[in-house]
Every structure is written in C-alpha cells, then in structure tokens.
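Subject: A structure for you to explore

Hi there,

Here is the structure I promised to hand over. Have a look around it first, and then read on for what turned up.

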Amino acid sequence: MRRVFAGRWDGALLAAVVPALVLLVLAGVLGTWSQHAFRGSAVSWFKRSRIALTLAVQGLGGHVSVDARDTAFGSGDSDCSDYYDDSPDSYDDGPDSYDGDYSDACSSDAGSASLSVLPLTFTVLWVVALVLVLRQVRRRPGGAGPEAAVRVALLSAAAATVLAFVAQPSIEGRTLHSGPFRVLLWSFVISLVTALAVLYGPALRARFAAAWRVVGAASVALAVTVLFASAVVLVIALANMDNGVNGNALVVLGVVLPNLGLSALALGWGAPLRFHETSASGRDYHHQPFGLSQLSHTWHGWSTVLALLGGLLCALAIGVIASARSRERSEQFAVAGVFTVMFAALVTVGGIASGGSSVADAVGGGLGSAGSSVGSAMPESLLFAALWSAGGVLLAPYVRRALGMAPPGAAAGQVPPQPSPYGYAPPYPYPAPSPYVPQQAPPQPQEVHDLGVVQPDRLAKDDDRTRRDEGGGRHQ
C-alpha cells in the first residue's frame with residue numbers, strides 16, 4: 001500500500017480524466033440532440049446533458065431511479081403538461097423505447113420508478129479510452145506495474161463517481177438518481193482489470209502463460225462475434241428506414257447496440273428473448289418469448305435460416321480464433337468454456353428492467369408500471385453458447401484446412417507435433433527435417449613418391465671427390 005501512494009500520480013490522473021471527458025462530451029452531444037424532444041418546455045441544455053450523463057454512467061454500473069412529489073403532478077403552474085405535446089416524434093421502436101407523450105405522468109399522483117439498464121456502448125467507450133491512454137502512460141518512468149494499475153483504478157473510480165453525482169438533475173419536482181455508489185464500485189473494478197491488463201500484462205503473460213492465452217483468445221472471440229452480430233442489427237435497422245425507423249431510433253439503437261448484438265447472437269444460437277411484466281402483487285401476469293419460430297412469422301421464412309447461418313459463422317470464428325491463439329487442443333476447449341462464461345455474464349447484465357409506480361409508465365414506457373424486464377433467456381443462452389462454441393472448436397481444424405491456413409502452432413520452418421503410436425507427443429513444435437543428401441567420402445590426399453634419378457658410377461665417384469675437397473681434403 002505504501003508503494004501505491006508513494007508512486008507517481010500524473011499518469012494515473014491523465015488516464016482517469018480522459019475517459020471521463022469522453023463521457024462528458026458525449027453527454028453534451030446527446031443533450032443537444034434531445035432538444036426537439038423537450039420542445040415547449042423549460043428544460044435547458046445543461047439539464048438535458050445531465051439527463052444524458054445519467055444514462056452514460058449506467059454503463060459503469062449505475063442504477064436510474066426517479067422520485068416525484070405530489071406538487072409536481074396536476075398543479076396549474078407546472079410546465080409538466082407542456083412536455084412533448086407539440087413533439088411530432090414518438091419512440092416506439094423497441095422494448096426499451098418510450099412514448100413521446102408524458103401526459104399520463106403529469107395527471108397521476110406522486111410515485112417512484114426505477115430503470116435498470118447497462119448500455120454497453122458507454123462501457124466500451126470508457127475501456128477503449130482508458131486503454132489508449134494507458135498505452136502511452138506505461139512508457140513513462142514508474143508508469144507500469146500493479147501499483148500503477150491500482151492508482152489508475154482509484155482515480156478513475158473517483159472521476160466516474162463525480163460524473164454520477166453531477167448526473168442527478170431535478171426537473172419539475174422529479175429527482176433523477178444515478179446510483180453514484182454503485183458507479184464507484186463497478187468503475188473501480190472495470191478500471192482495475194483494464195489497467196492490470198495493460199500495465200502489468202507482460203509479467204502476467206510470463207507467469208500465467210496458458211491462462212493468459214485462454215482468456216485473451218476468449219476475449220477476442222467475444223469481441224469479434226458481438227461486433228458481427230451488432231453490425232447485422234445495424235444493417236437491419238438501416239434497411240427498415242422506410243418502415244418507421246428514423247434518426248431518433250438510430251441514436252437510441254446506438255446507445256444499446258452491443259446489448260442488441262448480444263441478444264441477436266443468443267437468438268441465432270437458439271436462446272429466445274423474453275418479455276416479463278409483473279403486477280403490483282408481484283405475480284408474473286404477462287410472459288412472451290420471442291425465438292426463432294416467432295422470427296420466421298415476423299419476417300419472411302428465410303430469416304430463421306439466415307439467423308442460424310450467422311450463429312454458425314460466429315461459432316466457426318470462435319474455433320478458428322481459439323486454434324490460432326492456443327498451443328494445445330485442451331486450451332482450445334478451455335477458450336470455449338471461458339467464452340461461454342463471459343457471454344452468459346454479459347447476457348445477464350445486458351437486459352433491461354423497470355419497476356415502480358405512477359411515473360414508471362413515464363420513464364419505462366412500454367415496460368410496464370409495476371415491473372417488467374426484457375432480455376435473453378439466461379439458461380438457454382448458457383447452454384447454447386457452450387454447445388455452439390465447443391462445436392466451433394471441433395470443426396476448426398477442418399475449416400483451417402479448407403481455407404488453406406497453416407496448422408495451429410506452425411511457424412516458418414516448423415511443423416506441429418505429430419501423434420506418437422506410444423502415446424507421447426513432444427510438447428513444442430520441432431524443426432522440420434532437412435532433405436536427405438547422400439554423404440560422399442572426403443577426397444584422400446595423393447601420396448607423392450620420390451623415384452630418384454639413376455646415376456652412372458663415374459658421376460657418383462665425381463660427387464664423392466667433390467665432397468672430400470670441400471671438407472679440406474684427405475688428412476695424412
């Protein structure tokens with residue numbers, strides 16, 4: 001703990017401020033866009049931006065609740081009766097939409113309402129902005145390590161909590177609460193996990209290599225599949241621009257686009273959407289599933305086939321990513337298991353729920369007054385995600401072979417380990433054997449023979465006499 005507070009805080013401060021500014025600017029943009037929705041009312045741009053900021057901090061774990069006083073409803077000097085009377089737009093494009101007319105809320109008595117939704121678009125923006133800043137911060141002296149990650153998480157949680165306290169406007173006797181203490185907790189967790197992955201990632205990769213590969217592959221597979229499903233939802237919305245989908249609906253769709261992508265992916269795998277409405281006594285009085293069979297009734301008959309085809313492509317993508325980023329077959333199935341857990345967790349928090357009385361109709365719109373929820377069925381999502389992801393892992397080798405891709409783990413000049421008839425396989429790839437070249441005997445050195453010269457006897461005697469003369473002659 002001492003090393004946490006003794007380190008440098010400038011990089012952590014920068015990493016905490018930038019994501020908060022991103023959400024603040026986006027809230028201002030949404031406040032400007034919503035001007036036509038508050039036409040004829042006294043709601044200023046600042047209050048509209050605070051309302052949008054309330055929605056933005058829900059992506060960090062907040063919880064919207066509304067409290068209304070008796071004097072705000074039905075009073076003659078209140079501007080509540082003027083809300084949305086002259087607005088031509090009404091948002092009825094989905095289960096999380098709301099009606100443009102708030103007259104029912106103005107004519108009712110006091111009450112309260114709550115709206116639980118996690119718009120994953122703001123969560124993704126927070127994480128992406130944090131990662132981009134942390135990649136620059138870790139190059140500074142003392143900018144990496146677990147202590148730096150804790151400093152980033154502390155300041156990021158503080159910045160998110162400040163935004164949550166700012167995002168609590170009071171309009172015409174209605175007080176909007178954003179759940180700042182929940183934002184404090186979950187923003188700390190999100191920022192800590194992100195900072196540890198960026199600032200302490202190399203050490204974690206070296207210490208827990210297999211777990212790092214499995215979690216990393218599952219995260220990449222989840223991002224790819226949800227992005228693909230979200231793109232399909234966006235294309236369908238753009239294709240229905242002539243059927244009542246306007247620009248306002250596209251803005252609302254963009255806020256919850258990853259949530260809709262999760263539901264679309266679960267639907268393509270067979271998990272239905274479920275609509276629940278609960279009465280004031282707590283009993284479930286309306287339950288309506290929306291699965292593949294209802295999809296074919298809503299659109300043409302090919303919609304179910306196309307949804308299943310999209311689910312198949314996502315499952316194969318999971319298998320290919322798992323095989324490309326894993327070394328062993330067991331790691332690939334571990335990737336499928338981690339992906340299933342992560343997907344089920346996001347499906348659980350990605351739904352929409354509302355509750356309360358009186359003003360719940362005003363806030364939740366079609367979600368109901370006593371309590372209602374919309375989301376993918378959790379048990380079916382868990383089951384089908386496990387089956388489809390495991391099937392994708394099983395088919396991945398055949399897909400890679402059909403696409404002409406290199407076998408998993410094969411690098412240049414290497415081949416993957418081959419199964420041994422004795423039940424043992426080398427744990428790592430080994431170099432490919434070189435082609436056989438027959439060895440040749442080294443060349444033997446040639447022996448040189450001195451044959452000499454055959455001389456006659458006369459010449460031999462002359463040579464002997466010459467050697468004696470050089471030696472001083474014969475001594476007497």
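Let's start with Leu30, which is buried because its relative accessible area is 14%, under the 20% cut-off for that word. Leu30 sits in helix 2. Its C-alpha atom is 6.6 Å from that of Ser49, although 19 residues separate Leu30 and Ser49 along the chain. Before you go further, please keep in mind that this is a predicted model.

**The nonpolar core**

As a bit of background, nonpolar side chains in soluble globular proteins tend to be buried together. In this model, the largest nonpolar core is made of 31 residues. Which of them have the most contacts inside the core? They are Trp126, Leu134, Val152 and Leu199. Several helices contribute: helix 2 (10–33), helix 3 (45–57), helix 5, helix 6 and helix 7 (180–199) each supply at least two residues of this core. Helix 6 gives the largest share, with seven residues.

**Salt bridges**

Next come the charged side chains. Side chains of opposite charge can pair when their charged atoms come close. How many salt bridges does the model have? The count comes to five, and here are some of them.

One salt bridge joins the side chains of Glu147 and Arg3, with 3.3 Å from N to O. This pair links distant parts of the chain, since Glu147 belongs to helix 6 (residues 146–166) and Arg3 to helix 1 (residues 2–6), 144 residues apart. Is Arg3 buried or exposed? Arg3 counts as exposed because its relative accessibility is 63%, and the word applies over 50%.

Another salt bridge is formed by Glu380 and Arg274, whose closest N and O atoms are 2.7 Å apart. Glu380 lies in helix 16 (residues 378–402) and Arg274 lies in strand 5 (residues 273–278), so this pair ties together parts that are 106 residues apart in sequence. Both partners are partly exposed: Glu380 has a relative accessible area of 21%, and Arg274 has a relative accessibility of 26%.

Arg8 and Asp10 also form a salt bridge, again with the closest N and O atoms 2.7 Å apart. Arg8 is partly exposed at 44% relative accessible area, and Asp10 is partly exposed too, at 35%. There is a little more to this pair, as Arg8, Asp10 and Arg140 are linked in a network of salt bridges.

**Patches on the surface**

Now turn the model around and look at its surface. A positive patch there is formed by Arg135, Arg138, Arg139 and Arg205. Arg135 is part of helix 5 (residues 120–137), and it counts as partly exposed because its relative accessibility is 43%.

Helix 5 also holds Gln136, which is partly exposed with a relative accessible area of 47%. Try finding Gln136 and Ala15 together: they are 121 residues apart along the chain, while their C-alpha atoms are separated by 9.4 Å.

The surface has a nonpolar patch as well. Its members are Phe228, Val232, Ile236, Trp299, Trp302, Val305, Leu306, Leu309, Leu312 and Leu313, and together they have about 940 Å² of accessible area. Where do these residues come from? Helix 9 (209–239) and helix 13 (302–325) each supply at least two of them, and helix 13 provides the largest share, six residues. If you would like one residue to click on, choose Val232, which is found in helix 9. Val232 counts as partly exposed because its relative accessible area is 36%, which falls between the cut-offs of 20% and 50%.

**One last pair**

Finally, take a look at Leu260 in helix 11 (residues 257–268). Leu260 is partly exposed, with 32% relative accessibility. The C-alpha atoms of Leu260 and Ala229 are separated by 8.2 Å, and the two residues are 31 residues apart along the chain.

Happy exploring, and do write back with any questions.

Best wishes

Conventions. Residues are numbered from 1 along each chain as its sequence is written. This is a predicted model: local features need pLDDT of at least 70, side-chain atom pairs count only at pLDDT 80 or more; totals for chains, interfaces and linings use all residues. Side-chain values use heavy atoms; hydrogens and water are left out. Patches are made of residues with over 30% relative accessible area and no salt bridge: like charges are joined within 9 Å, nonpolar side chains (Val, Leu, Ile, Met, Phe, Trp, Tyr) within 5 Å. Accessible areas come from the Shrake-Rupley method with a 1.4 Å probe; for residues, only the protein chains shown count as cover. A salt bridge is a side-chain nitrogen of Lys or Arg within 4 Å of a carboxyl oxygen of Asp or Glu. Lys and Arg count as positive and Asp and Glu as negative; His and the chain ends are not counted. The place of a charge is taken as NZ of Lys, CZ of Arg, CG of Asp or CD of Glu. Helices (H or I, at least four residues) and strands (E, at least two) are DSSP runs, numbered from the N terminus. Buried means under 20% relative accessible area, exposed over 50%, partly exposed in between (1.4 Å probe, protein chains only). A nonpolar core is a set of buried Ala, Val, Leu, Ile, Met, Phe, Trp, Tyr and Cys residues joined through side-chain atoms within 4.5 Å.
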